[in-house]
Each structure stands twice: as C-alpha cells, then as structure tokens.
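Here are my notes on the model, point by point. Please read them with the structure open.

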Amino acid sequence: MPANKRVVILGGGIGGLEVATSLRHKRNVSVTLVDQNPVHIWKPALHEFAAGTIEHSGNLFSFIELSKRFGFDFIQSTPEAVERDKRQVRLANGQSIPYDYLIAALGARANDFGTRGAEEYCLFLNTLHDADTLHARFRDGLLNAKKTGKPLQFSIVGGGATGIQLAAELCQAVDSTPGLGVEARHSLLRPTLIEAMDRLIPAFPTSVSEEAKAELEKLGFDVITNDVVTQVDGDAIHLKSGRIIPSTLSIWAAGVKASQATSLFEGLELGRSGQLMVTPMLRATKDPSIFAIGDCARMEKDPVAPTAQAARQQGRYLGRIALPYLLTGRTPPSFSYQDRGAVVALGNYNAWGMWPSKKGFGGHGVGAYFARFIHEGLFRQHQYGLVGICKTLRVTLNEHFYHHADLVAPGTPSSR
Ligand SMILES: Cc1cc2nc3c(=O)[nH]c(=O)nc-3n(C[C@H](O)[C@H](O)[C@H](O)COP(=O)(O)OP(=O)(O)OC[C@H]3O[C@@H](n4cnc5c(N)ncnc54)[C@H](O)[C@@H]3O)c2cc1C
C-alpha cells in the first residue's frame, strides 16, 4: 500500500478549513491543520463580535471537535520556520511537521500604510482578541460618557465594507441595549468615519455608496471622504486637509496586507502587500509543493479581491480538485473564480447587494431584506457545513429571538 501523502495546512480560517473538511473522505492522505487559536472564526462576523450583537457561544467552532468530525489532526501553534529543503515546518511549540504538500491559508490584517501613531493609538479588527478589546473599550467609553455627560468621540478609519459595517453594528449595539437606545446613542456618541477615496465601498456601484453614506449620516456619523489620515494621537486624528478630528477611541479598518507569517517562506515571491504569489493552480511560483489561498495569496494572473468568497472557492478547489488530482498522479485543471456578487449590511438598518453583473440592489424594502438575508445566510451556510442543521438552527433562533447586545452590563469579554 502506498504511504499516505502528508498535507499540512497553516491557518484554519475560511480557506484553510475548507481544504481540511473537503479532504475528509480522501484515501492515502493525512491532513494536519495548524492554527494559533483553539477555535475557528467566521471572520466576516468579527465586527458583530466586537459590537456584541452576536454571541461568542455557538458562533465559534472548536478545532478539536472539528478535527474529530472531519478526520484531520489539529495542532494549536504558529509556524516559526518553513524549511523547504527538508520539507518540514518548525512550530513555536517545538514540533517539526513534515509535509508533501504545504498550504498557506494564513489570512490578512489591516494595513496602516506606516501612518504615524496608527499602530500605537488605533485599535484594529483582525482577530477575536481584537474584537474583545474593541468591545471593552467601546463599552467603557460609552459608560464614561454616560457618567460624565461628555460624548464619546470615536472614529473609524476606512470606508470599505469592514469600516461601514462596524460603524453600523456599534450603533445597533447601543440601540438594542436595555436602558440605552436611539436617543442615548445620539447624546452619548460623536462618531466620525474617514475614507481616503472619494466614496464609501468603492467596489459597489456609486448609488450604493451614496445611500450607505446617507444611512451612516442618519445614524449620526460625520462621514469624511477624499481625505487621508496623516497622524493619529491619543486624542485626535490628523488629516491631510489640515482638519483635526477629536477622537479618544480610534479604530483602523482600512487596507489589507498578508499575515506576517508569509515572510517565513524564504526564497518565495511575495506581492506588494506580502502575499505569496501563486500560479493559476494556486501553487507558489517558485515551489510547486507549496500552495497559498485566500487573503495571504495573490494570483500572478487575474488576481481576485481578498474576500470570504474567494478564500472559500480556493479552499474548495484545493480540497476537491487540485489535491485529489495530484494524489492520484494527474495534473489538475487551473482554478477558475466564479464571481457570485457581494453584499454589505449596515446592521438591521439597511443592506445592499451587487449582482455579478455589478448592478446593485437593496437599500430599501424587499431588496434590503434580501441582501441582509444573503449576508447572514452565507455565515449560516458555513456553520451548517461545520456543525449540522440542528445546532445551526438553534444558534440562529437564539440570535434572533433571545440575544441582545448589553453594553451596560459589566463583564469581561470572555464572559459574554
Ligand atoms: C470585520 C470584517 C468583516 C468582513 N466582512 C466581509 C464580508 O462581508 N464579505 C467578505 O467576502 N469578506 C469579508 N471580510 C474579509 C474576509 O473575512 C476574508 O477575506 C476571509 O476571512 C479570508 O479568508 P482566509 O482563509 O484567507 O483567512 P482567515 O479567514 O482570516 O483565516 C486565517 C487563519 O489563519 C490563522 N493564522 C494567521 N496567522 C497565523 C499564524 N502566524 N500562525 C497560526 N495561525 C495563523 C488565523 O487564526 C485564522 O484562523 C471581512 C473581514 C473583516 C475583518
């Protein structure tokens, strides 16, 4: 019997976990997944975790449980070196794991483009820990505003999907907290959103950008476009135009750069934002035994935007097509991206979508409901694939009927 081929996946996010679960019934292969966290997170829900509008319990997935269910090995650690000559990865926990095929699915983080003071004074939203920190800081700021009568001046840098969705979700958390509500929100918050381009969510049609801006202004945001952050301090954000925005809670939600860990792949080609450059088969351009997918990869031909949709399709391609072909000695076809459109939701206030033809929909009535339905549906579909229909239904019903944000209750994030 031929020896099992060893597939090692670094990063169990949307793309990496898709590879591991897709290889479930494949023979002659052993799969090891390495992640720094004990739980898998649907990253597009991070802003909801940060606001507290969805709960931790039920929406985080233990890697240990998933590994038993889908038949892979899980190691909680981080890579320290990729020793390509020995075909092994050295981990921070001291283990070295050999591989025949190595998959980098390490994701990305926001990019502050070296802006002075950003790293020191801004909060980011890259990990669950970031979401917990943001939740605690927002709650403390709000409680302080309530106590002193001095509104919390907070700013979000970045008018892409992450920034505007976070903005709305924080408002929704205040609106739905017992004892607070819409009036309290208007008196307790002085929020600003800053975007360097001339419109919000530039990937969407102009009409959607304009409607999203109007919706945020209705929520009380001062929306600034076409201006660039030049410096961040502990109590203000400085703009290129000379404007200074008072801000004691500043959140950086702009730009994307690959996980720092891509620098461990010595000798491989990296893109401008640190992504591993890959061929149409998603193999590293300089090493065919290494693959890269999702936000930490960039295709040299026809690159795709760093989205959940792209990471998922790439993970599925590796797990269902490329690796099974290679394991049976065949040459796989190239990866082909299918654009299925996009959706963006401003909490329960409004939502829009964009068909693959780039035509927009939503903004009011049935269209907005439909866009919001798809937005949540993508998460629930992912959840269903991991934990089955019963748990997905139970969690979804709980979110809709019993859970509400509570920004006044004291408590550590982990007790949420
Ligand atoms: C707030 C927010 C909202 C978003 N909303 C949307 C949306 O509505 N639609 C959309 O399409 N996209 C959205 N995105 C983008 C989407 O989340 C990403 O494109 C997608 O998660 C990329 O998947 P991935 O598998 O490449 O990386 P990820 O899902 O980020 O997974 C990376 C994994 O690698 C692990 N990891 C990273 N570094 C290390 C290390 N050194 N050692 C070990 N493990 C490591 C991480 O723990 C994680 O599990 C959003 C992103 C954010 C932050």
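1. A salt bridge here is a side-chain nitrogen of Lys or Arg within 4 Å of a carboxyl oxygen of Asp or Glu. Asp-339 and Lys-358 form one, with their closest N and O atoms 3.0 Å apart. Asp-339 sits in the loop between H9 and strand E24 (342-346). Lys-358 sits in the loop between strand E25 (350-354) and strand E26 (360-362). The pair therefore ties together parts that are 19 residues apart in sequence. Both ends are partly exposed: Asp-339 has a relative accessible area of 31%, and Lys-358 has 48%.

2. Keep in mind that this is a predicted model. In total, the structure holds 13 salt bridges. Side chains of opposite charge can pair when their charged atoms come close.

3. Which parts does the Arg-316 to Glu-18 pair tie together? The closest N and O atoms of this salt bridge are 3.1 Å apart. Arg-316 lies in helix H9 and Glu-18 in helix H1, so the bridge links parts that are 298 residues apart in sequence. The two ends differ in cover. Glu-18 counts as buried, at 8% relative accessibility. Arg-316 is partly exposed, at 32%.

4. A third salt bridge to check joins the side chains of Glu-376 and Arg-380, at 3.0 Å from N to O. Here the partners are four residues apart in helix H10 (residues 365-387), separated by about one helical turn. Is each partner buried or partly exposed? Glu-376 counts as partly exposed, because its relative accessibility is 24% and the buried class ends at 20%. Arg-380 is at 10% and counts as buried.

5. Back to Glu-18 and Arg-316, with a network in view. Salt bridges that share partners join Glu-18, Arg-312 and Arg-316 into one network.

6. Now the ligand. Around the ligand there are 30 residues, and Gly-15, Asp-35, Asp-295, Thr-307 and Ala-308 come nearest. By class, the shell divides into ten nonpolar, 17 polar and three charged residues.

7. Several contacts go to ligand oxygen atoms. From Ile-14, a backbone N or O atom lies 3.2 Å from a ligand oxygen. Asn-37 uses its side chain: a polar atom there lies 3.3 Å from an oxygen of the ligand. For Pro-306 it is again a backbone N or O atom, at 3.4 Å from a ligand oxygen. How much of the ligand does the protein bury? Taken alone, the ligand exposes 1,000 Å², and the protein buries 86% of that.

8. Which elements give two or more residues to the shell around the ligand? They are helix H1 (14-22), helix H6 (161-176) and helix H9 (308-327). H9 gives the most, with three residues. H1 and H9 also carry the Glu-18 to Arg-316 salt bridge.

9. Last, the surface. Tyr-384, Ile-389, Leu-393, Leu-397, Phe-401 and Tyr-402 make a nonpolar surface patch of about 730 Å². Helix H11 (residues 389-401) gives the most to this patch, with four residues. Leu-393 is found in helix H11. Is Leu-393 buried or partly exposed? Leu-393 is partly exposed, with a relative accessible area of 48%. Patch residues must have over 30% relative accessible area.

Note on methods
Residues are numbered from 1 along each chain as its sequence is written. This is a predicted model: local features need pLDDT of at least 70, side-chain atom pairs count only at pLDDT 80 or more; totals for chains, interfaces and linings use all residues. Side-chain values use heavy atoms; hydrogens and water are left out. Patches are made of residues with over 30% relative accessible area and no salt bridge: like charges are joined within 9 Å, nonpolar side chains (Val, Leu, Ile, Met, Phe, Trp, Tyr) within 5 Å. Accessible areas come from the Shrake-Rupley method with a 1.4 Å probe; for residues, only the protein chains shown count as cover. Buried means under 20% relative accessible area, exposed over 50%, partly exposed in between (1.4 Å probe, protein chains only). A residue is near a molecule or strand if one of its heavy atoms lies within 4 Å of it. A polar contact is a pair of N or O atoms within 3.5 Å; within protein, one must be able to donate a hydrogen and the other to accept it, and residues adjacent in sequence count only if both atoms are side-chain atoms. Ala, Val, Leu, Ile, Met, Phe, Trp, Tyr, Cys and Pro count as nonpolar, Asp, Glu, Lys and Arg as charged, and the others, Gly among them, as polar.
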